[in-house]
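Trainee: Could we go through the internal spaces of this model together?

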Amino acid sequence: MAGTGDGGGPADIRGRVAELGAVRARAVAGPGEEATAAQHARGKLTARERIALLLDVGSFCEVGQLRRHRASGFGLEGRRPYTDGVVTGWGTVEGRTVFVYAHDFRIFGGALGEAHAEKIHKIMDMAIAAGAPLVSLNDGAGARIQEGVAALAGYGGIFQRNTRASGVIPQISVMLGPCAGGAAYSPALTDFVFMVREVAQMFITGPEVVKAVTGEEISHNGLGGAQVHGETSGVAHFVYDDEQTCLAEVRYLLSMLPSNNREPAPRVPCADPAARRCEGLLDLVPADGNRPYDMARVIEEIVDDGEVLEVHERWARNIICALARLDGRVVGIVASQPQVLAGVLDIEASEKAARFVQMCDAFNIPLVTLLDVPGFLPGVGQEHGGIIRHGAKLLYAYCNATVPRISLVLRKAYGGAYIVMDSQSIGADLALAWPTNEIAVMGAEGAANVIFRRQIAGAADPEAMRQKMVKEYKSELMHPYYAAERGLVDDVIDPADTREVLIASLAMLDTKHADLPSRKHGNPPQ
């Protein structure tokens, strides 16, 4: 009979529901207030606090909340907390589905065990199947040593899924604590890495091992802190001072990316007029090719409302890679930065830009390339460091890209660097230039010294002869319309019309379709 509690009646169900509520409350609370206070004392938020900041309010749906490990030995059988140290699930960011997993440092130091790994595998598989971005909030001590090789195998499953998802869904790694050993390879396989200063570190071998092997003494942050990876190694794409700002910027990045490789990036209404003239560009960029200027200000002048999200802002600063919008449409911008090393291409700049171009191509984001490049950086260090193969990475990335591609020469575009940075000859859909352009094999001074060396050496006044030959070379081969006359530039435009021309060109290319040859995959330079 109903209400008697016999054999699974309603009263019994209510009791079970109450029990479920208590179990869920324990799972959400975690190991207790003391552990939470310790986490806050380190200047860090808990896993659930982080998820709450990342996702839209009330949108999080957890998966595997009641999962517990089944390992034994070393005291593990007496410690079987719910979640097993990782919170997994999905929610929304600005109404769009996003999958997330967050290490809970309060449980086993966020270390990965078999059950922990299986939860991550599950959520990664769900993200790939659903075609939605995956965000990992990393704060863990590596593999759970007590579980032995089973923990290591768990990392293998993560790496395999990172690779399978590459170029299919956006993958973002947010480093909010330590990440050592093999665990560091998962973020390296993802599209973007965020780090928070002072609390996040990444390294393969820690300071203690480094000291034992090499005798070098260094702190955790000195070896693999956010500043190191943001400015020196290039591992981190974005670096912030606190978790709140960091997670807000992750949300902003997600707003610029499509959910998967079958969709376009989100387009938003734009109040900035498409036909707005950019008169400020006439003052920002000096006509004298030897005078530096800030390309970042040029980009801000052109794009919608001056809003730019620069990627790898502090690494390889002689080239700018950024996401922005033109008439509400997301574009990837690759631009020389004359303010740093005169904007030359070197090993690090080539790697930075190549990776960015590949990301944009994978996720259907059109490319706009702004050139003011005097060439590749000369030097023994560059040659011995492999500038040939590293420069070839950027060349390969552009040649392989099928998204709409527009290049614009502002001033200098010399030699191989001009060809590599999306020239018409490697497949740019539109090649444009300002009337200040100088497109040539090399600068006039260098060219004159090579071509007219005998005349200069035999002249009564070698310097006067050299200046005469430089002027002659410029007038013959480097005037603003030389490349346009030969069809290497499609149009020479008024700098003030740059925004309008780019927007109109992108609208025309919106339906572009290009197929690559049938193949398993290419073999790009490494």
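Mentor: A cavity is a set of points on a 1 Å grid over the protein atoms alone where a 1.4 Å probe fits but cannot get out; lining residues have an atom within 4 Å of a point. Volume is the space filled by probe spheres set on the points, which are joined across faces, edges and corners. The model is predicted, with local features needing pLDDT of at least 70 and side-chain atom pairs 80 or more, while totals for chains, interfaces and linings use all residues. Numbering runs from 1 along each chain as its sequence is written, and side-chain values use heavy atoms, without hydrogens and water.

Trainee: How many cavities of 30 Å³ or more are there?

Mentor: There are 5. The largest holds about 110 Å³. Its lining has 17 residues, and His103, Asn138, Tyr155, Cys179 and Ala183 are the closest to its centre.

Trainee: And what is the volume of the second largest cavity?

Mentor: About 70 Å³. Its lining includes Asp191, His237 and Cys321. Helix H13 (residues 347–362) contributes the most, with 4 residues; helices (H or I, at least four residues) and strands (E, at least two) are DSSP runs numbered from the N terminus.

Trainee: Turning to H5, which residues are buried?

Mentor: Ala151, Gly154, Tyr155, Gly157, Ile158, Arg161, Asn162 and Ala165 are buried in H5. They lie on the same side of H5, because they cover an arc of only 155° around the axis, taken from the directions of the C-beta atoms from that axis. Buried means under 20% relative accessible area and exposed over 50% (1.4 Å probe, protein chains only).

Trainee: What is on the face turned away from the buried side of H5?

Mentor: That face of H5 carries exposed Val149, Leu152 and Ala153.

How values were computed: On a 1 Å grid over the protein atoms alone, a cavity is a set of points where a 1.4 Å probe fits but cannot get out, and a pocket is an open set with protein on both sides within 12 Å along at least five of seven lines; lining residues have an atom within 4 Å of a point.
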